[in-house]
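Colleague: Please take a close look at the metal site and its surroundings, and tell me what the atoms support.

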Amino acid sequence: MAPFSRRNMLAFGAAGAVAATAASANAASFGNPDEPPQGAIDANAGSRLDPGPKNPALASQFPDATNPPATDVGDMPQFWASFNNAHKRIQDGGWARQVTQTDFPISKAVSGVNMRLNAGGIRELHWHQAAEWAFMTNGLCRVTVLDTQGRAYVQDVRAGDLWFFPAGYPHSLQGIGTDGCEFVIVFDDGAASEYNTLLVTDWLAHTPPEVLALNFGVPPETFRSIPLNDLWIFQGKAPGSLSIDQEAVASGGLPANPFTFSLTGATPHRSSRSGSLRLADSTNFKVSKTIAAVLETIKPGGLREMHWHPNADEWQYWIKGEGRMTVFNAGPRAQTMDFRPGDIGVVKRNNGHYIQNTGTTDLQFLAVFKVAEYEEISFSDWLTRTPPAMVAQTLNIDPSVLQRFPRDAPGVVPV
Ligand code: MN
Ligand code: MN
């Protein structure tokens, strides 16, 4: 899609294609509002040269950073990060990598972890200060968790499923099936680290054996062979059937609400011919009291409509396809960045944004918010639910044309 600029606008205007708009808008600024103009499209050839050192493989991934749209303006904190270049901690049984606020300052509300567990691979029994929300991208995983009333929950999750463990609830994860699993974890604290969790092995190894004996009512020798260094991730054996594991922990009763949820199985709360939005927050995934999430699918040619979120920052995990996002803030500030699978984006609360599918396949990403209930304001919905005379004189657009704007916040356009 060729962006409009002052130059091609004048060409269109000369051809009469958009003569009416050209007459009413300021032709000198259409599609390029700033003085001096920004964007290569209005610069002379010399301004576009870039002879200095560069890494062509990396630079080629970010066309909208190296050659921003002419409507981009001003400065903005970096809102792109990625698991693709995050350092991996590989152990027997699986691996993990993470992007926390230390790596990505804008990501204050939440941090992200990408983990794989082999078939049988175990993420050791542990707990931590932050709540843990996760989305499965591959394979099968068995999760165990205990609530504060001594009720245990054991479940198997597959690609498209979520889990949520409130802060402090002890849990474990194990890759199962033929190929284990991969997932992304979101902690409801930007500083939270997967490398700083309270581990069952650490506590046992740092408690005197006689205290362990008293605590568990068995002889001290029972603990002669416990690991002295933590396991964190280790290769285990495939567990038995789910029902056997569930029976083994059933004595405390079942938790009131499940700690897992099928996000891909949820009915979309927005759907159009250009894509869909699937929601999981505390209204339908009741235990998820500090995280809300939307799985967004945008078909080729589709646009995630201009919108913002009044109650939380948006943290994104890009799953498939490719696209670009433009973020708008006061200033004016507007910046566009390119995203691919494994990348992470952040949009601050109330900053306007839209996302274009720039590829030839479906674009899919997760939008995650540290909040109990999802909230969104659709730009189009707002302008169609404001008295038309108000909008018409503000924008210098005929009220009959405003009537054609999409209503009811379609989510992904064209509808
Ligand atoms: Mn955990
Ligand atoms: Mn959004």
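Modeller: What follows starts at the metal and then turns to the core, one strand and the cysteines. The model is predicted.

The manganese ion (ligand 2) is held by four residues: His-307, His-309 and His-353, each through NE2, and Glu-314 through OE, at 2.0 to 2.2 Å. Along the chain these donors follow the spacing H-x1-H-x4-E-x38-H. The site thus links distant parts of the chain: His-309 lies in the loop between strand 16 (303-308) and strand 17 (314-320), while His-353 belongs to strand 21 (residues 352-357), 44 residues apart from His-309. Both of these histidines are buried, His-309 at 2% relative accessibility and His-353 also at 2%.

Next in sequence to the donor Glu-314 is Trp-315, one of the residues that touch the most other members of the largest nonpolar core. That core has 79 residues, and Trp-133, Phe-135, Trp-163, Phe-183 and Leu-366 share this standing with Trp-315. At least three residues of the core come from domain 2 (87-261), and at least three from domain 3 (266-413). Leaving aside residues up to four places away in sequence, Trp-315 touches Phe-83, Ser-107, Val-110, Gly-112, Val-184, Val-186, Ile-344, Gly-345, Val-346, Leu-366, Ala-367 and Val-368. Leu-366 is therefore both a contact of Trp-315 and, like Trp-315, among the core residues listed above.

Strand 5 (residues 121-127) is largely enclosed by the rest of the structure, because five of its seven residues are buried. Its antiparallel partners include strand 11 (residues 233-235), over three bridges, with Ile-122 opposite Phe-234. Strand 9 (residues 171-187) also pairs with strand 5 in the antiparallel sense over three bridges, and here His-126 stands opposite His-171. Strand 10 (residues 198-199) pairs with strand 5 in the antiparallel sense over two bridges; His-126 stands opposite Leu-199 in that pairing.

Strand 9 (residues 171-187) also takes in the position of Cys-181, which brings up the cysteines. The structure holds zero disulfides. Cys-141 is in none, although the nearest cysteine sulfur, in Cys-181, is 3.8 Å away. That distance is too far for a bond, because a disulfide requires the two sulfurs to be within 2.5 Å. Both cysteines are buried: Cys-141 has 0% relative accessibility, and Cys-181 has a relative accessible area of 1%.

Methods: Residues numbered from 1 in each chain as written. Chains lettered and ligands numbered in written order. Predicted model: local features only at pLDDT ≥ 70, side-chain atom pairs only at ≥ 80, totals over all residues. Heavy atoms only, no water. Buried < 20%, exposed > 50% of the residue type's maximum accessible area, 1.4 Å probe, protein only. Donors = N, O, S within 2.8 Å, 3.2 Å for Na, K, Ca; no water. Helix = DSSP H or I, 4+ residues; strand = E, 2+ residues; numbered from the N terminus. Core = buried A, V, L, I, M, F, W, Y, C linked by side-chain atoms within 4.5 Å. Domains from an automatic or database assignment. Contact = heavy atoms within 4.5 Å. Pairing = 2+ DSSP bridges.
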